[in-house]
Amino acid sequence: MKNRSVHSIIPLKTILWLLLAIAVSIQIVLISYNHFTGFYTIATLPEFAGRFLWGTFLSFVAAFLLAYPNLFLIRFLDEKYPWATSGVQRIFIQAFLTLLTGLIIGFLITTASHLINRYAEDLVRVYVFNMIVVAVCNIVMMTIFEAWIFFYRQTESEKRNLQLTRELSSIRFEVLKNQMNPHFMFNSLNVLSSLIEEDTEKSQRFIEEFSSIYRYVLETIEKHVVSLERELEFARSYMFLQQIRHGNELTWSIEIPSEWLQSYLPPLSLQFVLENAIKHNKIEMGNSFHITISVADEHLVIVNPLKPKISFKKSTGVGQKNLKKRYEMISNRVPEFRLETNSYIVTLPLIREEYAGNTDR
């Protein structure tokens, strides 16, 4: 899941309340420290109130000026030095930039404050003290922001994983339900019934391929991805059954370089495309229907001619949506479905890298 912008994670209203709390805390600490160490003694309550309010205002302005550079810095470092890959390097860079930003803001705030109301204390000492205080506060603020963002993203990730698990269970159920489609089973059994009387050897192979289809479904339904090689083996079993049913009018060809056989895709995704091609088009005597499967630009490309069944009801598109969702769970690439003049083309992204522990190995 792609990280959301840090500005959308922490709302402005929440940031302002946080900064006010920081400003008040800083002034309570500073005034108490200065009073009890003798750096600046406060004699009366009105003097305390005036110094507290003025100091809180300046601290709030300083905190506000620090907050947004910090948030932009976090966003920049998330892109250039993410924690997952550049943790140590990021710690040093972020610490240096946070300290530098605090020193600069402390210098500017002290200068502006001195121009508005001149300090009675030694100016150099005030500069050094204020710059150190602002720099330390900025380190604390940066730590709070990072902890906040980490906690938020962790929570969002857990919510997202839970949502994906629920969606995946639902999608798996739909896929399994489609594979157990009574029409497919009924048609297959009808074909088998006629084969037994005509060709015993072919009927035996039909039974083997038929059983291998359901064995594959049960073996892979819980997996996120399988190798293209296994998916093609399954497709051969599926197409054998379909060719027995439709005869020589249904043909298909595969043109895939061997180096792509160990790439990955969601299980049963190729079968879904083949099934749709056969289901939505006319395949009859004297009306040949050829499906080609190839690889182009890291995609599995399936092309079939357009010979739509006039009486066939309009597709709901549920299968395509489910396939896209399954891809979204493992990749930032999704399949595409497009019509051309005389053909229908489906492109399924092939995933080169093994998907953490969910492959068929």
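In this predicted model, strand S6 and strand S7, the latter spanning residues 343-349, pair in the antiparallel sense over 4 bridges. A hairpin of 3 residues joins S6 to S7, and two of the facing positions can be picked out by name: Glu336 has Thr347 of S7 as its bridge partner, while Leu339 stands opposite Tyr344 in S7.

These two strands belong to a wider arrangement, an open sheet of 5 strands with mixed pairing, in which the order is S2-S4-S5-S7-S6. Strand S2 (250-255) and strand S6 (336-339) each have a single partner strand and stand at the edges, so one side of each is left without a neighbour in the sheet. From one strand to the next, the twist averages 15 degrees.

Helices pack against this sheet. Helix H8, made of residues 228-246, touches S2, strand S4 (289-296) and strand S5 (299-305), and its direction makes about 160 degrees with that of S2. Helix H10, residues 318-328, lies across S6 and S7, and runs at about 25 degrees to S7.

Helix H8 also has a helical neighbour, for its axis and that of helix H9 (residues 269-279) come within 9 Å and cross at roughly 20 degrees. An angle under 35 degrees counts as roughly parallel, and H8 is therefore roughly parallel to H9. The crossing of these two helices is right-handed. On the H8 side the contact is made by Glu231, Leu232, Phe234, Ala235, Tyr238, Met239, Gln242 and His246, and on the H9 side by Ser269, Leu270, Gln271, Leu274, Glu275 and Ile278. Sorted by character, the residues of this contact between H8 and H9 comprise 8 nonpolar, 4 polar and 2 charged.

Another helix pair is found earlier in the chain, where helix H2 (residues 12-37) and helix H3 (residues 45-80) pack with their axes 8 Å apart and at an angle of about 135 degrees. With that angle, H2 and H3 are therefore oblique to each other, and H2 passes H3 in a right-handed crossing. The residues that H2 brings to the contact include Leu12, Ile15, Leu16, Leu19 and Leu20, and those it meets in H3 include Phe48, Phe52, Phe60, Phe64 and Tyr68. Arg51 and Gly55 are also among the H3 residues that take part, as is Gln27 among those of H2. Counted by character, the contact of H2 with H3 has 18 nonpolar residues, 4 polar and 1 charged.

The aromatic side chains add a further kind of contact. A pair of aromatic rings is described by the distance of the centres and the angle of the planes. The structure holds 7 aromatic pairs, and in one of them the rings of Phe107 and Tyr127 have their centres 5.1 Å apart and their planes at 25 degrees, so the pair is stacked. This pair links distant parts of the chain, since Phe107 lies in helix H4 (residues 83-116) and Tyr127 in helix H5 (residues 123-179), 20 residues apart.

Terms used. Residues are numbered from 1 along each chain as its sequence is written. This is a predicted model: local features need pLDDT of at least 70, side-chain atom pairs count only at pLDDT 80 or more; totals for chains, interfaces and linings use all residues. Side-chain values use heavy atoms; hydrogens and water are left out. Two strands pair if DSSP finds at least two bridges between them. Axes are lines fitted to C-alpha atoms, for helices over the stretch in contact, and angles run from 0 to 180 degrees between N-to-C directions. Contact means heavy atoms within 4.5 Å. Angles under 35 degrees count as roughly parallel, over 145 as roughly antiparallel, 65 to 115 as roughly perpendicular and the rest as oblique. A crossing is left-handed if the near helix is turned anticlockwise from the far one by less than a right angle, and right-handed if clockwise. Ala, Val, Leu, Ile, Met, Phe, Trp, Tyr, Cys and Pro count as nonpolar, Asp, Glu, Lys and Arg as charged, and the others, Gly among them, as polar. Rings of Phe, Tyr and Trp (its six-membered ring) pair if their centres lie within 6.5 Å; planes under 30 degrees apart count as stacked, over 60 as edge-to-face and the rest as tilted.
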